[in-house]
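This briefing sets out selected structural features of one protein, grouped by topic. The sequence and the structure are shown first.

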Amino acid sequence: MSDIGDSEPNGNSAIGRRGFLAGAAAVAATAAAPAALQPAAAAPAAAAGATRPNILLIVTDDQPKQTEWATPRTVDWIAGHGVRFTRGHVTTPLCAPSRSSVFSGRYAHNHGVRNNGASHSLDQHTTVQRYLREAGYRTGLFGKYLNSWALADNPPHFEEWALLQPAYNDADWNIDGTVQTLPGYTTNIVKNRTLAFLDKAATDARPWFAYVTPYASHEPNVPAPKYADTVVPPWNGRPSVPEADRSDKPGYVQNATSTLADAQAVRTRQLRTLLSVDDAVQAIHDKLVALGQLDNTLVIYLGDNGYTWADHGWLKKSVPYSPSHEVPFYLSWPAGGLGAGTGDHRIVANIDVAPTILDAAGITPDTPQDGHSLLTAYSRNHLLVEWWKQGTAAGGPPTWSSYVAADKQYTEYFALHTDADGTVSGTGEVKFREYYDLAADPYQLTNLLYQATPQQEQALGVPALAAQLATDRAA
């Protein structure tokens, strides 16, 4: 695969596996960061040993960035004693495509899971769990797997699993091949199953990979009973909630009707469900401390997509606006030199998760990947974000692709759609375009292409952006 938005080559060097957050001197968030990162440069002493890191990958469901109030212990552990990626994204803001990108390190247009109905299109040979299991890792899955995956079908390349049929209470599960109903709140069950998996590390010397994925904070956002009435901090919206004039937006946005009150209700429920996630993450942290495995466990935490809180009247995901594809994204690995609590401003994405894990484990992939290890000096200048409309029914966003940089975003909507299996049909005609100056207009209120002249488009650099977007979509 050709690189998208490369500004430096991706060196899968030993430096990455030894925990140096390469490029940090150039992209660290604060003036203090270079000093804070000095321990990373000294990491060879920790990494020179033969012990491969354990891998803990936590993926939440529909968690927007602005939810850290509900996860303070998670943030303190993984970001406060690791790295906070301030520009974390997903490359397709929809559950199954995003999770398939996490597993494979590939864009949805390459792994083929373009919608939630196409989960079986994922080539399981490309997944990080396949690589790790074949390399001798003990592998476990606890929680949600892929939308449209039949519950009775065992997830490939996992040695143990508690696969959830998404629900919050008294859900159906596939437990190591047996489908059964388990009473109780599912985030707590995910926690307990993960802890039992970790306990086996006391007698099993193999390194382990745990994929931990609670249903929170997905709709219907049902909190645990103890958090059902928890008071959350007030929120009175942002300039995009609602946007007074949406005449410069595509038709589905002009027709959107969600209000601030709608958003406040969803936000409250999301935060309440995430309180249980924070409990679970803290319990996992404490278990790792008790096992003496905290330092040499690579922990990655991210949401599978963001969520708009009535931004531009839209109360969902699946759109090219920032709250939909921006996610919380943290990494910690003290034994690899990544335990200092630093910030990283690189544009990173879910496609970088698998390459990072394989880099840390010393595994060279034999299948294509579009992402790059976050342990190397690689830094992209923009990211492709893409989404496909399923079916031909009216309403909702059309298929779109977007060029996302730190300071601008360019989007094209296409006359394309998929069937349930992810097969694409349509003319491909560009039906609408948007350009936002993210530095001057972070809430994406003014589409600079609305009624723009050719001269204005040229001044914005749109022809070059359109050409790059076409290249990215084909790569």
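A171 has L182, in strand 6, as its bridge partner. In this predicted model, strand 5 (residues 169-175) and strand 6 run antiparallel and are joined by 6 bridges. The points below place this pair in its sheet and then turn to strand 7, the helix contacts, one loop residue and the overall figures.

**The sheet**

- The sheet is open and consists of 10 strands in the order 6-5-4-3-7-1-8-9-2-10, with mixed pairing.
- Strand 6 (178-185) and strand 10 (342-349) each have a single partner strand and stand at the edges, so one side of each lacks a neighbour in the sheet.
- From one strand to the next, the twist averages 20°.
- Helix 14 (residues 353-361) packs on the sheet, where it touches strand 1 (54-60), strand 7 (208-213), strand 8 (297-303), strand 9 (329-332) and strand 10.
- The direction of helix 14 makes about 180° with that of strand 8.

**Strand 7 and its partners**

- Strand 7 is largely enclosed by the rest of the structure, because 6 of its 6 residues are buried.
- Both faces of strand 7 are covered, with W208, A210 and V212 buried on one side and F209, Y211 and T213 buried on the other.
- Strand 1 runs parallel to strand 7, and 4 bridges join the two; within this pair, I55 stands opposite F209.
- Strand 3 (residues 138-143) also pairs with strand 7 in the parallel sense, over 6 bridges, and G143 stands opposite T213.

**Helix contacts of helix 12**

- Two packed helices are described by the distance between their axes and the angle between them.
- Helix 10 (residues 186-199) and helix 12 (residues 260-291) have axes that come within 9 Å and cross at roughly 10°.
- These two helices, helix 10 and helix 12, are therefore roughly parallel to each other, since angles under 35 degrees count as such.
- On the side of helix 10, the contact is made by T187, K191, T194, L195, L198 and D199; helix 12 contributes S276, V277, D279, A280, A283, I284, K287, L288 and L291.
- The contact of helix 10 with helix 12 comprises 8 nonpolar, 3 polar and 4 charged residues.
- Helix 6 (residues 72-79) packs against helix 12 at an angle of about 40°, with the axes 7 Å apart.
- That angle makes helix 6 oblique to helix 12.
- Helix 6 makes this contact through P72, R73, T74, W77 and I78, and helix 12 through L275, D278, D279, V281, Q282, I284, H285 and L288.
- By class, the residues of the contact of helix 6 with helix 12 are 7 nonpolar, 3 polar and 3 charged.

**Loop residue A440**

- A440 lies in the loop between strand 14 (424-437) and helix 15 (454-460).
- A440 counts as exposed because its relative accessibility is 63%, and exposed means over 50%.
- K408 is 32 residues from A440 along the chain, and the C-alpha atoms of the two are separated by 9.3 Å.

**Overall figures**

- The protein contains 16 helices and 14 strands.
- Of the 475 residues in the protein, 57% are buried.
- Among contacts with a separation of 6 or more, 71% are between residues 24 or more positions apart.
- The exposed area of the protein is about 17,000 Å², of which carbon and sulfur atoms supply 52%.

Definitions and conventions: Residues numbered from 1 in each chain as written. Predicted model: local features only at pLDDT ≥ 70, side-chain atom pairs only at ≥ 80, totals over all residues. Heavy atoms only, no water. Helix = DSSP H or I, 4+ residues; strand = E, 2+ residues; numbered from the N terminus. Buried < 20%, exposed > 50% of the residue type's maximum accessible area, 1.4 Å probe, protein only. Pairing = 2+ DSSP bridges. Axes fitted to C-alpha atoms, helices over the stretch in contact; angles between N-to-C directions. Contact = heavy atoms within 4.5 Å. Parallel < 35°, antiparallel > 145°, perpendicular 65-115°, else oblique. Nonpolar A, V, L, I, M, F, W, Y, C, P; charged D, E, K, R; others polar. Areas by Shrake-Rupley, 256 points an atom, 1.4 Å probe, with all protein chains shown as cover.
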